[in-house]
Structures are given as structure tokens and as C-alpha cells.
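Me: I'd like to go through this one with you and check what the labels rest on. Can you take my questions as they come?

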Amino acid sequence: MTKLLHPRAAWPRLAVAALALLALPSAHAAGYPDHPVTVVVPYPPGGGADLFGRAIANALQPGLKQTVLVENKPGAGGNIGMAYVARAKADGYTLGLGTIGTQTINQFLYSNMAFDPERDLVPIALVSTTPNVIAVSAKSPYKTVADVIKAAKQSPDKKLTYASPGIGSSVHLTGAYFEAMAGVTMLHVPFKGTSASLPAVAGGQVDLLFDNLPGALAQIKDGNLVRGVAVTSAARDPSVPNLPTVAESGLPGFDVTAWFALYAPRDTPAPVVAQLIDAARSGLQSQVIATNFATMGAKPGTLFGADLAAFEVAERKKWGGLIKDKGITAQ
């Protein structure tokens with residue numbers, strides 16, 4: 001038989017329950033967000049960063065119950081856009097899509113960084129991971145990594161050229177890493193985004209394209225303008241299963257995976273950060289995102305907040321050491 005409590009005996013329990021209910025909203029900032037949020041993408045429209053910036057903006061909207069806009073602010077390997085985010089009002093309305101470049105590489109390449117990626121930005125969510133890819137013009141004689149290495153070694157006076165969507169990007173560093181591991185020297189030709197670098201390679205003005213796979217995937221699958229040579233990850237990517245890895249093509253141990261993540265300015269209130277993490281986690285776990293990313297040659301991120309911060313520390317150690325050892329500079 002259920003034992004009934006005297007009304008007065010129940011008061012303490014009721015009080016505790018009431019306080020618990022009152023405490024629930026404290027996980028969220030009062031009134032946030034009451035107008036649209038902006039995600040700054042520090043690269044031009046059309047490339048991998050832009051695709052993932054728009055994807056996370058859409059993914060945040062259900063959880064925030066607010067419109068999330070995208071604003072492109074390219075330049076200086078992503079530094080201009082992320083410096084803008086670092087200086088923005090810390091109220092949760094201006095966020096930035098950082099990359100492996102802006103968060104863990106650029107600080108070792110540039111001597112005049114306008115922000116400190118570790119100190120000035122709060123990690124929210126790892127948005128996606130993706131391989132980089134090496135591609136050539138559909139009319140190029142180079143069909144394999146071995147072809148590229150052979151050509152680079154045979155023409156030291158007239159260096160092979162490789163395009164990237166910008167100095168300091170993971171793509172730029174992938175090219176430099178490739179040079180170091182293959183024992184060749186090539187000429188880096190930086191462009192302002194994939195929308196500029198891809199046509200230059202397709203038209204034969206530049207020999208090789210190094211790019212994030214999502215930015216070049218449609219053209220590689222089409223095959224009329226460019227042809228894929230290899231992906232830079234340790235394993236083949238399901239979106240292009242016939243494209244070999246650089247590692248299996250003659251450079252064992254070669255493994256570069258690009259990533260993109262969401263950040264807020266330093267001093268953003270903890271309840272706002274928590275709300276953003278919740279919204280990002282919920283959005284990135286949706287089947288729609290998983291399916292969408294798979295078609296782009298990418299995977300949704302699974303690191304949030306402190307776990308993302310710890311991941312960054314390891315990445316800075318890896319890339320900082322490589323840049324120092326190889327003497328790579330943002331030239």
C-alpha cells in the first residue's frame with residue numbers, strides 16, 4: 001500500500017523540485033538568440049570551407065530556433081575572417097568556421113597573426129573531417145602519384161606547379177608535405193579559393209591541384225575538366241572508391257585529413273556556449289547531415305567544447321613540428 005505524506009512533510013521535497021525547475025533555464029542564456037546568428041567563413045564561396053559553413057549554419061537553426069546566416073570574409077589563409085570573429089562582440093551572434101589551417105597551422109607560418117587561435121576563440125564543435133585530394137587537368141599526361149613524382153624529378157629547372165586555395169591552408173601544407181616526402185621541389189601557386197584554382201588547373205595554366213575533396217569532388221566525378229590522382233587520407237574515401245590514397249601510391253605513411261570547426265569569441269557567456277554546443281551536437285547527429293556529408297567526401301564531427309580543444313592541442317604539436325622541421329613558410 002502506498003504511504004501518503006503529510007502535506008507539511010512534502011513541502012521540502014516540493015521546494016527542491018521547484019528549485020530544480022527554476023534552475024533548468026540557467027543552462028541557456030535568457031533571450032538568446034532573439035535575432036539571427038552569423039557564421040563567418042574565412043574563405044571565398046564555393047570551396048570546402050564554404051560548403052561546411054553553410055551546412056553547420058543550417059544544422060544550428062533547429063536547436064537555436066533562429067535563422068543562422070553565412071558571411072564570407074576571405075584573405076590571408078583564413079586569418080582575416082577569424083581575426084574578425086575574435087574581435088567581435090562576445091554575445092553568441094558572431095561565430096566563425098575555423099579550419100585546420102586557421103586554428104593549428106597558420107600560427108607557425110605567419111609572424112603577424114592578429115589573433116591567438118587558442119586564447120581568443122572558444123571551441124564549439126568539430127563540424128567535419130575530409131581528405132584533401134590531388135587532381136590534374138583531364139588532358140594532363142599524369143595519371144598516378146608515381147607519374148607526378150617522376151615528372152617533378154625530371155624537370156628541376158622547370159618546376160612542376162601546384163595550385164592551392166590559399167597560403168597557410170591545410171591544402172598548401174599538404175603540397176609542401178608531399179614535396180618533402182617525395183623528395184621533390186615544386187612551385188606553389190596560391191589562389192583565392194577553389195573557384196579560382198580549379199579552372200587554372202583545368203585550363204592547363206597550373207600542373208596540379210591540391211584541394212579539400214568536397215571542393216573538387218563534383219568536377220572529379222564529372223571528369224571532363226579535371227581528373228583525380230589520389231586522396232591524402234590513410235584510407236580511400238567512399239565517395240570516390242576508385243581513387244587511391246597517396247600512401248598506397250608510393251608514399252607509405254602519408255596521411256593528411258583536413259577539418260573544419262565552429263568557434264565563438266573569447267568571453268562568450270558559458271550558458272550561450274552550452275546552448276551552441278547543444279544545437280551543434282543535435283544538428284550534426286542528424287541523418288540528413290551524415291548523408292549530405294558522405295556525398296561530399298566528408299564525415300560529421302564528433303568533438304565538442306573541451307574535447308575539441310584537446311584535439312587542437314595535439315594538432316598544433318603535429319603541424320608545428322612538421323613546419324619547423326621542413327622549414328615551411330607562408331611565402
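Me: What makes strand E3 (residues 94-99) and E9 a pair?
Reply: Two strands pair if DSSP finds at least two bridges between them. E3 and E9 have 4 bridges, in the antiparallel sense, and one of the matches puts Gly96 with Tyr263 in E9. Strands here are DSSP runs (E, at least two residues), helices likewise (H or I, at least four), numbered from the N terminus. This is a predicted model: local features need pLDDT of at least 70, side-chain atom pairs count only at pLDDT 80 or more, and totals for chains, interfaces and linings use all residues. Residues are numbered from 1 along each chain as its sequence is written, and side-chain values use heavy atoms, with hydrogens and water left out.

Me: How do you know that E4 is joined to E9?
Reply: By 9 bridges, and the two run antiparallel. Ala125, for one, stands opposite Leu262 in E9.

Me: Why is strand E9 (residues 257-265) called largely enclosed?
Reply: Because 8 of its 9 residues are buried. Buried means under 20% relative accessible area, exposed over 50%, partly exposed in between (1.4 Å probe, protein chains only).

Me: Why is Ser197 called buried?
Reply: Because its relative accessible area is 0%, so Ser197 falls under the 20% limit. Ser197 lies in helix H7 (residues 194-202).

Me: What is Ser197 in contact with, leaving aside its neighbours within four places in sequence?
Reply: Ala163, Ser164, Pro165, Phe191 and Leu209. Contact means heavy atoms within 4.5 Å.
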